[in-house]
Amino acid sequence: MSNKKGLLALSPLFLLIVLIAVFTVYSTDATHKDTNLSLTVAFMISSIYAVAISGGMPIKKRVDTYSKGAGANNLMLMLWIYVLAGAFAASAKAMGAVDATVNLALSVLPASMILPGLFLAACFISVSIGTSVGTVVALVPIAAGLASSMHGNVGMMTAIIVGGAYFGDNLSFISDTTVVATQTQGCRMSDKFRVNSLIVGPAALIILGVYAVMGIGLQAPTDIADVEYVKVLPYILVLVCAIAGMNVMAVLAMGTILCGVIGVASYYLGSPLSYDLFGWFSAMGNGITGMGELVIIAMMAGGMLEIIRENGGINYIIDKITARVHGKRGAELSIAALVSLVNICTANNTVAILTVGNIAKKIGDKFGVDNRKAASILDTFSCMVQGMIPYGVQILLAAGLAGISPMDILPYLYYPVAIGIAAFLAIIFRYPKRYN
């Protein structure tokens, strides 16, 4: 594919990045403090442009291609999770589950340990359940509630959970990315875990230390209410079922039903934070409606990225990078660049690894890259990128649950940046030595 055609295929993505940057600067400018430019507008403009430049196809086929991406099976699954997560989060909040869990955390943890405590909780849960999405659903409402109670930064506390969620997404034995990375590179999960933990472990410890320092001086509210332990049960149910390996949609449905049972029972027992049956229905409706913008963004992102793939944008990236591989270090850097760029174009780290996994294996075999190191590079760089793109599933979901914009989360995503730096340095300095 020619440079001109390849760059044209990728140009909708370039336009989107520019629009996001402009929107962010404009919205945060003091002279435009009342202007909130939605990401939906950026995706709409980029999507229209992507359809318009798809030459060689009739307009109906272009729209069909776009619609195919917007309605892809894996994307629709995430949209149903958005809907259920919205219903669960809203019904839990309306009946006091968030307040009860926040009060429990404040009564157990000293204020200075809230930030590192949240990060450790997210790391533990994500490793246990192997999914960043499940971790975000379980912990973001609690983090947002803590931020409100302590007059803290909601975006920062939400970012702590998102970062910790990628710890497990990267390392868990039952994570999709771990399974795909090890299968495509032909190595055992335990071997990949050892290499991966040596690379990202120091980064996790550094970020934990950063949060511990940032937590110094935080003041907990002086008037912590009594904990209504029964209202903590929905979150405990969600965590236990997720750790047990239950489907995330089933977990959210069960959590929502339990919220309804507790909320309605509390209503008839005279609890001030509760609702009757129709109040529960109203809360769920509000939660689902609140996810509307995120659903639209996710569908437009899926459509636009399908147009890019159909026009050869991803193949162009792969061809250009693989043509410049020289030596073992260059091979490892090319694998990192491949999975990172494809992840930007697909907004799905598992799909990105699947797309380039076989090519990465051929590059690794040709230049003598240890397959365990190659699997770690694929997984770590894909998690790094997925943890930093504002149109990724996890950040969109976290933003919806916290009631903020994805752009409010991005500046505080320390852990995804840290593992990216750690993985890059591991390539440059040939670390760990035993796997080089």
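Into which domains is the protein divided? In this predicted model, the division gives domain 1, residues 3-307, and domain 2, residues 312-429. Colour these two ranges separately before going further.

**The whole chain**

Display the full model as a cartoon. The secondary structure comprises 21 helices and zero strands. The radius of gyration is 22 Å, close to the 22 Å that the globule rule gives for 436 residues, so the protein is as compact as a globular protein of that length. Orient the view along the principal axes: the C-alpha trace spans about 70 × 55 × 45 Å.

**The two domains together**

Next, place a marker at the C-alpha centre of each domain; the centres of domain 1 and domain 2 are 20 Å apart. Then select the residues in contact across the boundary, which number 62 in domain 1 and 56 in domain 2. The two domains bury about 5,000 Å² between them, and carbon and sulfur atoms account for 75% of this area. Show Y166, Q185 and I199 as sticks: they supply 14% of the area that domain 1 buries against domain 2, more than any other three residues.

**Polar and charged links across the interface**

Now select K192 and D379. Their side chains meet in a salt bridge, with an N to O distance of 2.5 Å. Between domain 1 and domain 2 the count is one salt bridge. Across this interface, 16 residue pairs are in polar contact, both residues of each pair having pLDDT 80 or more.

To see which elements of domain 1 face domain 2, select the helices that each supply at least two residues of that side. They are helix 1 (3-28), helix 2 (39-52), helix 4 (73-94), helix 7 (132-149), helix 8 (154-171), helix 9 (176-185), helix 10 (189-215) and helix 14 (292-310). Colour this side of domain 1 by residue class: 41 residues are nonpolar, 17 are polar and four are charged.

**A salt bridge between helices 3 and 14**

How many salt bridges does the structure hold? There are 11. For the last stop, select E306 and K68, which form a salt bridge with their closest N and O atoms 4.0 Å apart. This pair links distant parts of the chain, since E306 lies in helix 14 and K68 in helix 3 (residues 59-70), with their positions 238 residues apart in the numbering.

Terms used:
Residues numbered from 1 in each chain as written. Heavy atoms only, no water. Domains from an automatic or database assignment. Contact = heavy atoms within 4.5 Å. Buried area = accessible area lost by both parts, 1.4 Å probe. Polar contact = N/O pair within 3.5 Å; in protein donor to acceptor, adjacent residues only side chain to side chain. Helix = DSSP H or I, 4+ residues; strand = E, 2+ residues; numbered from the N terminus. Nonpolar A, V, L, I, M, F, W, Y, C, P; charged D, E, K, R; others polar. Rg over C-alpha atoms; globule rule 2.2 N^0.38 Å.
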